[in-house]
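Work through the following exercises with the sequence and the 3D structure open. Try each task before reading its solution.

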Amino acid sequence: MGDRYNIHSQLEHLQSKYIGTGHADTTKFEWLVNQHRDSYASYMGHFDLLNFFAISENEAKARVRFNLMEKMLQPCGPPPEKPED
């Protein structure tokens with residue numbers, strides 16, 4: 001029983017420390033936004049992927065990086081309206 005409590009407390013600690021891990025109240029939209037932003041950040045952080053995207057889109061690397069940064073603002077569109085309680 002002690003191990004179960006320890007695992008749950010570790011999970012709660014990770015969820016409070018890192019936004020992308022989610023929590024019990026994370027919506028599907030928030031989860032997808034986090035995944036898209038993580039992906040875009042990874043693309044910008046890996047130089048070879050950025051080069052690949054620039055060559056495949058026939059754009060400059062700076063333009064591709066700028067487009068990825070722009071997509072990070074609202075990667076999945078505007079947030080859905082929340083129903084009032």
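Helices (H or I, at least four residues) and strands (E, at least two) are DSSP runs, numbered from the N terminus. The model is a predicted one: local features need pLDDT of at least 70, side-chain atom pairs count only at pLDDT 80 or more, and totals for chains, interfaces and linings use all residues. Residues are numbered from 1 along each chain as its sequence is written, and side-chain values use heavy atoms, with hydrogens and water left out.

**Exercise 1. The residue Tyr 40**

Task: State in which helix Tyr 40 is found, and whether Tyr 40 is buried or exposed.

Solution. Step one: locate Tyr 40, which is found in helix α2. Step two: apply the cut-offs, where buried means under 20% relative accessible area, exposed over 50%, and partly exposed in between (1.4 Å probe, protein chains only). Tyr 40 has a relative accessible area of 13%, so this residue is buried. Step three: list contacts, meaning heavy atoms within 4.5 Å. Not counting residues up to four places away in sequence, Tyr 40 touches Leu 68, Lys 71, Met 72 and Pro 75. Step four: take a C-alpha distance; Tyr 40 and Arg 65 lie 25 residues apart along the chain, and their C-alpha atoms are separated by 9.2 Å.

**Exercise 2. The length and faces of α2**

Task: Compare the expected span of α2 with the distance between its end C-alpha atoms, then find which residues of α2 are buried.

Solution. Step one: the expected span of a helix is 1.5 Å times one less than its number of residues. For the 18 residues of α2 this gives 26 Å, and the end C-alpha atoms are 26 Å apart, which agrees. Step two: the buried residues of α2 are Val 33, Asn 34, Tyr 40 and Met 44. Viewed down the axis of α2, these buried residues fall within an arc of 135°, so they line one face of the helix. The arc is that of the directions from the helix axis to the C-beta atoms. Step three: on the other side of α2, Lys 28 and Asp 38 are exposed. Glu 30 also has its place in helix α2; at 32% relative accessibility, Glu 30 counts as partly exposed.

**Exercise 3. How α2 and α4 pack**

Task: Describe the crossing of α2 and α4 by the angle and distance of their axes.

Solution. Step one: axes are lines fitted to C-alpha atoms, for helices over the stretch in contact, and angles run from 0 to 180 degrees between N-to-C directions. The axes of α2 and α4 cross at roughly 160° and come within 9 Å. Step two: angles under 35 degrees count as roughly parallel, over 145 as roughly antiparallel, 65 to 115 as roughly perpendicular and the rest as oblique. The two helices α2 and α4 are therefore roughly antiparallel to each other. Step three: the crossing of α2 and α4 is left-handed, a term used if the near helix is turned anticlockwise from the far one by less than a right angle (right-handed if clockwise). Step four: in the contact, Tyr 40, Tyr 43 and Met 44 of α2 meet Arg 65, Leu 68, Met 69 and Lys 71 of α4.

**Exercise 4. The helix α3 and its surroundings**

Task: Find which residues of α3 are buried and what covers them.

Solution. Step one: helix α3 (residues 47–57) has the buried residues Leu 50, Phe 53 and Ala 54. Seen down the axis of α3, they fall within an arc of 100°, so they line one face of the helix. Step two: the face turned away from this buried side carries the exposed residues Asp 48, Phe 52, Ile 55 and Ser 56. Step three: the cover over the buried residues of α3 includes α2 (28–45) and α4 (61–71). Step four: α3 and α4 pack with their axes 9 Å apart, at an angle of about 105°. These two helices, α3 and α4, are therefore roughly perpendicular to each other.

**Exercise 5. Two residues after α3**

Task: Place Asn 58 and Lys 61.

Solution. Step one: Asn 58 is found in the loop between α3 and α4. Asn 58 is not a glycine, yet has a positive phi of about 55°. At 72% relative accessibility, Asn 58 counts as exposed. Step two: Lys 61 is in helix α4, and is partly exposed, with a relative accessible area of 37%. Leaving aside neighbours within four places in sequence, Lys 61 is in contact with Phe 47, Leu 50, Asn 51 and Ala 54.
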